[in-house]
Amino acid sequence: MGARGWRPRSRPPIGRPRTSVTKYSDAAVRPEHAFLFRAPDGRLVVTADSLNAFRRSVATAADAVLAHHAGRHDFSRWIRDVFSDPELAAQLRKAERRWSRGEIPDLRRVIDELIAVRYWSEES
């Protein structure tokens, strides 16, 4: 299916009430688990310590920063390792791969939609 017809297939987490899911998205992770957005030269650009901060940072990160992390599958690894969400991580990994092959033109939008569907499907 082409990039225009792509839709996230992730579902909200099972077994968690909607209010706890939303609070979970705002909860800060420990500093050592924050996502460190870095430029390709290694310079620290911004730190995201929650899912909401991550969404905002992805939306505003420079193209080179986004490409650096997507090419290394850092986004999906962080979601899997820090938030213990293998389903969302698998969807992000698929998006990272498709983006690297040129099948998805707007990775920012896809990342935002996947997280929104997973955690805010009734609100986003």
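These legends walk you through several close-up views of a predicted model.

**View 1. The whole chain: 6 helices and 2 strands.** Start here to get your bearings before zooming in. Read from the N terminus, the elements of the protein chain follow the order α-β-β-α-α-α-α-α. The protein chain has 124 residues, and 41% of them are buried. Among the contacts with a separation of 6 or more, 61% join residues that sit 24 or more positions apart.

**View 2. A cluster of rings built from Phe-35, Phe-37, Phe-54, Phe-75, Trp-78 and Phe-83.** Ring pairs are what link these six side chains into the cluster. How many aromatic pairs does the model hold? The count is 9, taking rings whose centres lie within 6.5 Å. One of them joins Phe-37 and Phe-75, with ring centres 6.2 Å apart. The planes of these two rings stand at 45°, so the pair is classed as tilted. Phe-37 belongs to strand β1 (residues 35-38) and Phe-75 to helix α4 (residues 74-83), so this pair ties together parts of the chain that are 38 residues apart in sequence. Both partners, Phe-37 and Phe-75, are buried.

**View 3. Phe-54 meets Phe-75 edge-to-face.** Stay with Phe-75 for a moment and turn to another partner. The rings of Phe-54 and Phe-75 are 5.6 Å apart, centre to centre, with 70° between their planes. This pair also links distant parts of the chain, since Phe-54 sits in helix α2 (residues 51-60) and Phe-75 in helix α4, 21 residues apart. Are these two residues buried or exposed? Phe-54 has a relative accessible area of 0%, so Phe-54 is buried. Phe-75 counts as buried too, because its relative accessibility is 0%.

**View 4. Helix α2, a mostly covered element.** Here you can look along the helix that carries Phe-54. Of the 10 residues in α2, 7 are buried. Which ones are they? The buried residues of α2 are Leu-51, Asn-52, Ala-53, Phe-54, Arg-55, Ser-57 and Val-58.

**View 5. Helices α4 and α5 pack at an angle of about 175°.** The axes of these two helices are 8 Å apart. With an angle of about 175°, α4 and α5 are therefore roughly antiparallel to each other. On the α4 side, the contact is made by Asp-74, Phe-75, Ser-76, Ile-79 and Arg-80. Facing them from α5 are Leu-88, Ala-89, Leu-92, Arg-93 and Glu-96. By type, the residues of this contact divide into 5 nonpolar, 1 polar and 4 charged. You will recognise Phe-75 from the ring cluster, and Phe-75 takes part in this helix contact as well.

**View 6. Helices α5 and α6 cross at roughly 165°.** The axes of α5 (residues 86-100) and α6 (residues 107-120) come within 10 Å. An angle of roughly 165° makes α5 roughly antiparallel to α6. The handedness of their crossing is right-handed. From α5, the contact draws on Glu-87, Leu-88, Gln-91, Leu-92, Ala-95 and Trp-99. The α6 side contributes Leu-107, Val-110, Ile-111, Leu-114, Ile-115, Arg-118 and Tyr-119. What kinds of residues meet in the contact of α5 with α6? They divide into 10 nonpolar, 1 polar and 2 charged. Leu-88 and Leu-92 of α5 appear in this contact and also in the contact with α4.

Technical notes:
Residues are numbered from 1 along each chain as its sequence is written. This is a predicted model: local features need pLDDT of at least 70, side-chain atom pairs count only at pLDDT 80 or more; totals for chains, interfaces and linings use all residues. Side-chain values use heavy atoms; hydrogens and water are left out. Rings of Phe, Tyr and Trp (its six-membered ring) pair if their centres lie within 6.5 Å; planes under 30 degrees apart count as stacked, over 60 as edge-to-face and the rest as tilted. Helices (H or I, at least four residues) and strands (E, at least two) are DSSP runs, numbered from the N terminus. Buried means under 20% relative accessible area, exposed over 50%, partly exposed in between (1.4 Å probe, protein chains only). Axes are lines fitted to C-alpha atoms, for helices over the stretch in contact, and angles run from 0 to 180 degrees between N-to-C directions. Angles under 35 degrees count as roughly parallel, over 145 as roughly antiparallel, 65 to 115 as roughly perpendicular and the rest as oblique. A crossing is left-handed if the near helix is turned anticlockwise from the far one by less than a right angle, and right-handed if clockwise. Contact means heavy atoms within 4.5 Å. Ala, Val, Leu, Ile, Met, Phe, Trp, Tyr, Cys and Pro count as nonpolar, Asp, Glu, Lys and Arg as charged, and the others, Gly among them, as polar.
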